[in-house]
Amino acid sequence: MNEYKRISPSKRFLINIVLVIIFIVVGTLLTGGDSLSRASRALILQIGIYVILAVSLNIATGYLGQLPLGHAGFMAVGAYSAALFWKATLNMPTPVSIVLGLIIAGLIAAVFGIIIGIPALRLKGDYLAIITLGFGEIIRIAIINLSGITGGTPGLLNVPKYSSFLVVFLCVAATIAAIHFIMHSRHGRAILSIRENEIAADSCGVNLTYYKVLAFAMSAFFAGIAGALYAGFQGSLFPKSFDFMASINILVMVVLGGMGSMLGSVIAATVLTALPLVLQALAAYRMVIYSILLIIVMIFKPSGLLGRYDFSLPGLIEKWMNRKNKPGKEVANE
Amino acid sequence: MADTILKVEGINVYYGNIHAIKDVSFEVKEGEIVTLIGANGAGKSTVLKTISGMLRSKTGSIEFMGSSLMRMAPNNIVKNGIAHVPEGRRVFAHLTVEENLEMGAYTQPRSGIRDDMEQVFSRFERLRERRRQIAGTLSGGEQQMLAMGRGLMSRPKLMMLDEPSMGLAPILVDQIFEIIKELNDNGTTILLVEQNAQMALSIADRGYVLETGYITMSGTGEELASSDDIRKAYLGA
């Protein structure tokens, strides 16, 4: 009798699209006027960029189960690619230039992801961490030394400031949606199975190398897009913004939020980006707060704040529609 | 006379400098149950991993139904019809029973999955009851059934089972071996690696004894079970 009511996939999709549109319209109106200070507007954009960085690293860390330490390297590749492209195409219609720049940034970063991924993913755990750490540093040093193209240490200046609220948060929504759909497809299941048990995945006929490199390239692709947005947000790029600590910051967000939880990454990215600005007076203690937060979370909730939980509004509505039913076995299936 | 579906000839496998498998040759004919028995560290699991492509042999040849497996990628070996049920019940602990089985059908077209799963459930009724349960919360015997069910989902012609009795209560061991026999009766060829030599030999058509990387003896199940050397070394008599 009491059948579990479900929302059809197309309706679920519609609900989410409406949510995104409301969010972007409200956000554009808020940030467009004078109702917010310049600092809070900048903070909101920064949060958007870090959300993309965190959810993209979450692919490699949370879903694939590896520990790359060079995420800022991919971000740098994307940032410089987009900045150079935008500077060269100032006479192109702006929207076209923005979109092309973002795509190019993502693709070049993904190519770097594949180049570093093929050798690095033969290794595991700490070895992979060291290789990717080295890669991040190589990128940074290369940017410093290729000063003819990248501006070197003095920086690449006068990058067009294309990163409006609309651009940044459309990218955030697109990134989250893309990752969600990929991870719920057959390919996503293959990536998860590698994290769960490599030997079992191998014996099921999952092509390990292919999916590891694919996950790594996806992770790099979205990091490249975040880098491009960062370039369009700052208006100038300096190699020191992409050092080892930048990679660690992103990793901290993923670990704190819960490896494998997209919502966790989003929340942690938001909190950790906003925290230093909110606690301006305590800025000197930022790293101390970071460390203490991490230690506390790791002691009391080693799987991160949200573990592997992921949020779905249609899912919540479904639960509400079925509130009179006893939570039966069908619920456990979700 | 049945056709030989798996022919392994002169393989040598190394872990770094350690020479684990030394000139091993054997064959499996269609419809047989063949068992590899031997003590810990004799190289039984290594042989299976080499056949399924997780490890590589430096020499010799491995032929399965006419095609060489020596350079074939593990995922293609599964597609070709070999299912490897690895040692130690490696189920996907955070996925449900159904999701585990779906993973097993990874190389198969989507359309047949429902029917295949139904077949697995009709063989392992316990799994049907627990289809939505997280695999890590199953008992040891249930996990072994799940691992075998997952192997079946790829519609294998040859199923390689690595120590299916490991760590199970005697009554469950009997059940598992019963199921292996049933699978074989339904047409799946079985290559069985076991430390429990007595059980393995009791259902096997033929067996090979592996000692420190060499095959030291071979024969029918009965021959080996009645051989004095085997009785002393493995059957405790």
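Helices and strands here are DSSP runs, with at least four residues for a helix (H or I) and at least two for a strand (E), numbered from the N terminus. Keep in mind that this is a predicted model.

Q: In which loop of chain A does N158(A) lie?
A: Let's start with the backbone: phi of N158(A) is near 55°, a positive value in a residue other than glycine. Most residues other than glycine have a negative phi. The residue sits outside the helices, in the loop between α6 (147-150) and α7 (165-183) of chain A.

Q: Is N158(A) buried or exposed?
A: The cut-off for exposed is over 50% relative accessible area. N158(A) has a relative accessible area of 68%, so this residue is exposed.

Q: What is the relative accessibility of T212(B), which has a phi near 40°?
A: That phi is a positive value in a residue other than glycine. T212(B) is found in the loop between β9 (206-211) and β10 (214-220) of chain B. This residue counts as exposed because its relative accessibility is 57%.

Q: About how much accessible area does the nonpolar surface patch with I296(A) have together?
A: I296(A) lies in helix α13 (residues 286-300) of chain A. With a relative accessible area of 43%, I296(A) is partly exposed, and patch members need over 30%. Its partners in the patch are L282(A), Y285(A), V288(A), I292(A), I295(A), I299(A) and F300(A). Together, the patch has about 820 Å².

Q: Which elements give two or more residues to the lining of the second largest pocket?
A: About 670 Å³ of space lies in this pocket. Of its 20 lining residues, the closest to the centre are E198(A), D202(A), L208(A), T209(A) and M54(B). The elements asked for are, in chain B, α2 (74-79) and, in chain A, α9 (198-203) and α10 (208-234).

Q: How many residues of the lining of the second largest pocket are charged?
A: Sorting the lining by residue type gives 10 nonpolar and 4 polar residues. The remaining group, the charged one, holds 6.

Q: Which elements give two or more residues to the lining of the largest cavity?
A: A search of the whole structure finds 6 cavities of 30 Å³ or more, and about 70 Å³ of space lies in the largest cavity. Both chains line this cavity, with residues including S203(A), C204(A), H84(B) and R150(B). The elements are β6 (82-85) and α6 (140-152) of chain B.

Q: How many residues of the lining of the largest cavity are nonpolar?
A: The lining of the largest cavity has 5 polar residues and 1 charged residue. The nonpolar ones number 6.

Conventions
Residues numbered from 1 in each chain as written. Chains lettered and ligands numbered in written order. Predicted model: local features only at pLDDT ≥ 70, side-chain atom pairs only at ≥ 80, totals over all residues. Heavy atoms only, no water. Patch = residues over 30% accessible without salt bridge, like charges linked within 9 Å, V, L, I, M, F, W, Y side chains within 5 Å. Areas by Shrake-Rupley, 256 points an atom, 1.4 Å probe, with all protein chains shown as cover. Salt bridge = Lys/Arg side-chain N within 4 Å of Asp/Glu carboxyl O. Buried < 20%, exposed > 50% of the residue type's maximum accessible area, 1.4 Å probe, protein only. 1 Å grid on protein atoms, 1.4 Å probe; cavity = no way out; pocket = protein on both sides within 12 Å on 5 of 7 lines; lining within 4 Å. Points joined across faces, edges and corners; volume = space filled by probe spheres on them. Nonpolar A, V, L, I, M, F, W, Y, C, P; charged D, E, K, R; others polar.
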